[in-house]
Amino acid sequence: MVLTLMLRHVPRHFTLQQMLDDVGTVIPACDVDFVYLPQDIRRSGNITLAFLNFVNPEAAARAAFALVGRRWLLLPGAP
């Protein structure tokens with residue numbers, strides 16, 4: 001039973017709110033109950049990984065399907 005997904009290649013300059021706004025375009029906020037975006041203090045940004053915990057396995061599976069291969073929308077030049 002998978003409830004947590006790790007997102008890789010989060011743009012280093014993204015804040016938690018920017019990441020949530022971007023992911024929120026394909027995942028309903030009510031499906032997520034915890035988000036962790038670790039920060040790299042030396043580089044003034046995140047460590048390019050994020051962890052999202054979901055309320056049930058079905059929500060995690062829908063999110064995984066929606067996010068695989070998806071580009072970050074807040075990046076310049078993203079479709």
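Helices and strands here are DSSP runs, numbered from the N terminus, with at least four residues for a helix and at least two for a strand. With that in hand, we can walk through this predicted model. One place to try the numbering is S44, which sits in the loop between strand 3 (39-40) and strand 4 (45-46). We will come back to this residue below.

Let us start with the whole chain. The protein contains two helices and five strands. Read from the N terminus, their order is β-α-β-β-β-β-α. The C-alpha trace spans about 35 × 30 × 20 Å along its principal axes. How does the radius of gyration agree with that of a compact globule? For 79 residues, such a globule would have a value near 12 Å, and the protein has 12 Å, so the two agree.

Next, consider how the strands come together. Strand 5 (residues 49-54) has strand 1 (residues 4-8) as a partner: the two run antiparallel and are joined by five bridges. Within this pairing, R8 stands opposite L49 of strand 5. Strand 2 (residues 32-36) also pairs with strand 5. This pair is antiparallel too, with four bridges, and here V35 has L52 of strand 5 as its bridge partner. Strand 5 is thus a good element to find on your screen, being joined to strand 1 and to strand 2.

Contacts give another view of the fold. Taking contacts between residues at least 6 apart in sequence, 62% join residues at least 24 apart.

What about the inside and the outside? Of the 79 residues, 33% count as buried. The accessible surface comes to about 5,200 Å², and carbon and sulfur atoms account for 62% of it. As for charge, the protein carries 7 positive and 6 negative side chains, and the centres of these two sets lie 13 Å apart.

Finally, two loop residues deserve a look at their backbone angles. Most residues other than glycine have a negative phi. H9, however, is not a glycine and has a positive phi of about 65 degrees. You will find H9 in the loop between strand 1 and helix 1 (16-23). Is H9 buried or exposed? Its relative accessibility is 57%, and because the cut-off for exposed is over 50%, H9 counts as exposed.

Now back to S44, in the loop between strands 3 and 4. Its phi is near 55 degrees, a positive value in a residue other than glycine. At 68% relative accessibility, S44 also counts as exposed.

Definitions and conventions. Residues are numbered from 1 along each chain as its sequence is written. This is a predicted model: local features need pLDDT of at least 70, side-chain atom pairs count only at pLDDT 80 or more; totals for chains, interfaces and linings use all residues. Side-chain values use heavy atoms; hydrogens and water are left out. The radius of gyration is taken over C-alpha atoms; the globule rule is 2.2 Å times the number of residues to the power 0.38. Buried means under 20% relative accessible area, exposed over 50%, partly exposed in between (1.4 Å probe, protein chains only). Contact means heavy atoms within 4.5 Å. Accessible areas come from the Shrake-Rupley method with a 1.4 Å probe; for residues, only the protein chains shown count as cover. Lys and Arg count as positive and Asp and Glu as negative; His and the chain ends are not counted. The place of a charge is taken as NZ of Lys, CZ of Arg, CG of Asp or CD of Glu. Two strands pair if DSSP finds at least two bridges between them.
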